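Colleague: Could you walk me through this model, one feature at a time? I would like to begin with the contact between the chains.

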Amino acid sequence: MGNKKFYLLAFLNCLCLISFAQDANSLLQKIRDRLNKVNDYEATGVMKTNVSFLKVPEAQVQVFFKKPDKLKIKNEHGISLVPKGAVSFSLNNLLKGNYTVLDAGTEMMGSVKLRVIKLLPVDDNADIVLSTFYIDEAKLLVMKAKTTTRESGTYEVEMSYGKYAAEALPDKVVFTFNTKDYKLPKGITFDYDDGTKKKTETHGESSKGKVEIDYSSYILNKGLPDSVFK
Amino acid sequence: MFRLLQIELFKIFKRPRTYISFGAIAAMILIIQLGLKFDGKSYLQLLMSGISDSFIIPYDMILNGYLVAFVILNTLLIQVPLLIALVAGDVVAGEANMGTLRLLVTKPVSRTELMLAKFGASVVYTVLLLIWMAILALFLSMLFFGTNDMLIARNDVMEQISKNDILWRYVAAFGYAAVALSTVAALAFLLSVFADNSIGPIVSTISIVVVLTILSEMKIPLYDNTVKPYLFTSHMLAWKGFFYSKVDNEGEAIRGSIENLPAILRSLGILFSYIILFVTVAIISFRKKDILS
């Protein structure tokens with residue numbers, strides 16, 4: 001009798017996990033379908049960079065996207081240093097390929113309850129080790145995504161939506177990434193020492209960089225040539 | 001006084017050695033520009049090696065006229081004091097060597113006026129050399145390499161300045177460099193009073209500048225806190241301070257700002273103090289001097 005109860009519980013548990021997994025899969029599929037409606041876009045916005053060793057003014061940028069995974073950030077009026085991961089870290093890019101979907105329950109972001117879904121790539125040699133999506137189920141929007149890579153550590157992207165929520169395009173993106181300690185090779189330049197104490201490099205918080213893009217407008221599905229992304 | 005200055009300038013620009021400096025600066029600038037034109041990317045890769053792992057670096061945009069001018073100034077403003085000494089160390093000692101100094105002091109002008117005119121002529125030469133440098137290093141580079149935002153690699157941080165926020169910084173930096181190099185001119189001028197030929201003051205000035213520059217750049221706490229703040233060579237690099245911006249609370253560079261203006265003004269004050277000290281000592285010594293040559 002005891003054995004029967006155990007098997008029954010185990011069966012129900014499996015059924016439950018499978019149904020959750022299916023839910024997670026169908027949720028991802030709905031998001032993917034929504035993202036697929038946008039073939040390309042050209043967006044304008046303001047990019048702010050906050051990295052401990054960079055002193056960069058805010059920049060007016062143009063962001064170009066083309067399906068399946070082409071993304072380019074351009075500063076028409078000057079130079080913009082774009083984190084390497086930011087270009088490859090689009091949602092379309094993260095959702096492509098084969099992976100195992102794991103439902104990791106729910107988490108609160110402010111007052112919003114988000115569904116947490118983890119993606120494990122099937123390919124053992126893939127650079128991405130794990131991606132975690134935080135999804136607003138009611139609105140079918142990815143609010144946050146976190147990716148751990150073999151080479152470049154962990155990336156995190158947080159999105160807030162407004163005018164273009166129907167197309168799942170964010171009004172604001174905050175991209176957080178790992179940075180290595182910066183040090184100029186010795187003998188390159190004589191720096192001016194004004195006598196102020198230099199801040200000492202601390203590990204942990206200071207090794208995180210942040211890039212924020214506030215989008216002001218999107219032009220959707222107008223057809224972008226591949227030459228834009230060269 | 002103005003007439004005296006004109007005469008001194010005429011003497012300086014009559015000598016062929018004066019033009020060596022202009023020729024040397026032109027040659028050095030063109031060599032650097034050519035090198036960067038054909039292999040600037042290698043230099044930038046070294047410069048950006050600290051951030052190239054994390055960021056996409058648009059090398060072709062970074063290598064622009066403003067950056068090239070900065071690289072040139074960074075290199076040349078260490079060498080230019082030697083060229084300044086070549087002329088300023090000669091203004092009094094050269095005349096003593098030629099035997100014209102005794103004749104000169106018999107003229108109906110005071111020795112103080114004579115010395116001020118000679119130092120004034122050295123400063124005019126210094127400023128003209130800097131203008132020549134600005135034309136070649138900045139404007140020629142802008143023509144050859146175009147313009148864009150400027151990225152400056154410091155020891156512990158990388159600065160980006162918007163292209164419409166750069167030119168005024170160069171004007172300020174050249175102005176500051178004029179004062180810094182006038183300090184060297186004042187030193188050479190002072191040493192020139194004590195010599196009967198120009199080799200001594202020129203070599204002495206170069207030696208002093210080299211020794212003090214090494215002392216200024218050595219990171220030894222004993223010197224950092226005692227001698228270094230008072231050496232004029234420690235303050236000669238403050239022109240770079242005009243290219244360092246303040247940041248806001250979010251870590252963004254603020255356009256049109258200077259990171260530490262009081263420190264630059266303090267450095268400027270120290271350089272002016274040295275100029276006044278050197279010139280005053282030179283005038284007092286010259287007034288008391290028995291001119292036998």
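Modeller: Gladly! Start with one pair of residues: L54(A) stands opposite M158(B), which lies in β3(B). Keep in mind throughout that this is a predicted model.

Colleague: Which strands do the bridges join there, and how do they run?

Modeller: Strand β2 of chain A, residues 54-55, is joined to β3(B) by two bridges, and these strands run parallel. To read a sheet, follow the order of its strands and then look for the edges. Here the order is β2(A)-β3(B)-β2(B), an open sheet of three strands with mixed pairing. Its edge strands are β2 of chain A and β2 of chain B, each of which pairs on one side only.

Colleague: How many residues does each chain bring to the contact?

Modeller: Chain B contributes 40 residues and chain A contributes 30. On the side of chain B that touches chain A, the elements that each supply at least two residues are α2 (16-47), β1 (55-56), α3 (59-62), β2 (150-153) and β3 (158-161). The largest share of that side comes from β3(B), with three residues. Sorted by class, the side of chain B that touches chain A has 17 nonpolar, 12 polar and 11 charged residues.

Colleague: What scores does the model have?

Modeller: Its ipTM is 0.72 and its pTM is 0.82. For chain B, the mean pLDDT is 89, with 99% of residues at 70 or more. As a general habit, where pLDDT is low, the predicted coordinates should not be read in detail.

Colleague: Let's turn to chain A. What does its secondary structure come to?

Modeller: Chain A has three helices and 12 strands. Of its 230 residues, 27% count as buried. Another thing to read is how far apart in sequence the contacting residues are. Among contacts in chain A between residues at least 6 apart in sequence, 54% join residues at least 24 apart.

Colleague: How should I read a hairpin, taking β6(A) and β7(A) as the case?

Modeller: Check the pairing, then the turn. Strand β6 of chain A (residues 99-109) and strand β7 of chain A (residues 112-121) pair in the antiparallel sense over nine bridges. One bridge matches E107(A) with L114(A) in β7(A). Two residues lie between the strands of this hairpin, and G110(A) in the turn has a positive phi of about 65°.

Colleague: And how many residues lie between β7(A) and β8(A)?

Modeller: Six residues lie between them in that hairpin. β7(A) pairs with strand β8 of chain A (residues 128-136) in the antiparallel sense over five bridges. Within this pairing, K118(A) is opposite T132(A) in β8(A). A general point for reading strands: in a regular strand the side chains alternate between the two faces of the sheet.

Colleague: Last topic: which residues have the most contacts inside the largest nonpolar core?

Modeller: They are I84(B), A186(B), A188(B) and F189(B), in a core of 133 residues. The element that gives the most to this core is helix α8 of chain B (residues 167-193), with 16 residues. Take F189(B): leaving aside neighbours within four places in sequence, its contacts are A88(B), V91(B), F119(B), S122(B), F278(B), V279(B) and A282(B).

Conventions. Residues numbered from 1 in each chain as written. Chains lettered and ligands numbered in written order. Predicted model: local features only at pLDDT ≥ 70, side-chain atom pairs only at ≥ 80, totals over all residues. Pairing = 2+ DSSP bridges. Helix = DSSP H or I, 4+ residues; strand = E, 2+ residues; numbered from the N terminus. Buried ≥ 20, exposed ≤ 12 C-beta atoms within 10 Å, placed from the backbone. Contact = placed C-beta atoms within 7 Å. Core = buried A, V, L, I, M, F, W, Y, C linked by C-beta atoms within 7 Å. pLDDT = per-residue confidence, 0-100. Nonpolar A, V, L, I, M, F, W, Y, C, P; charged D, E, K, R; others polar.
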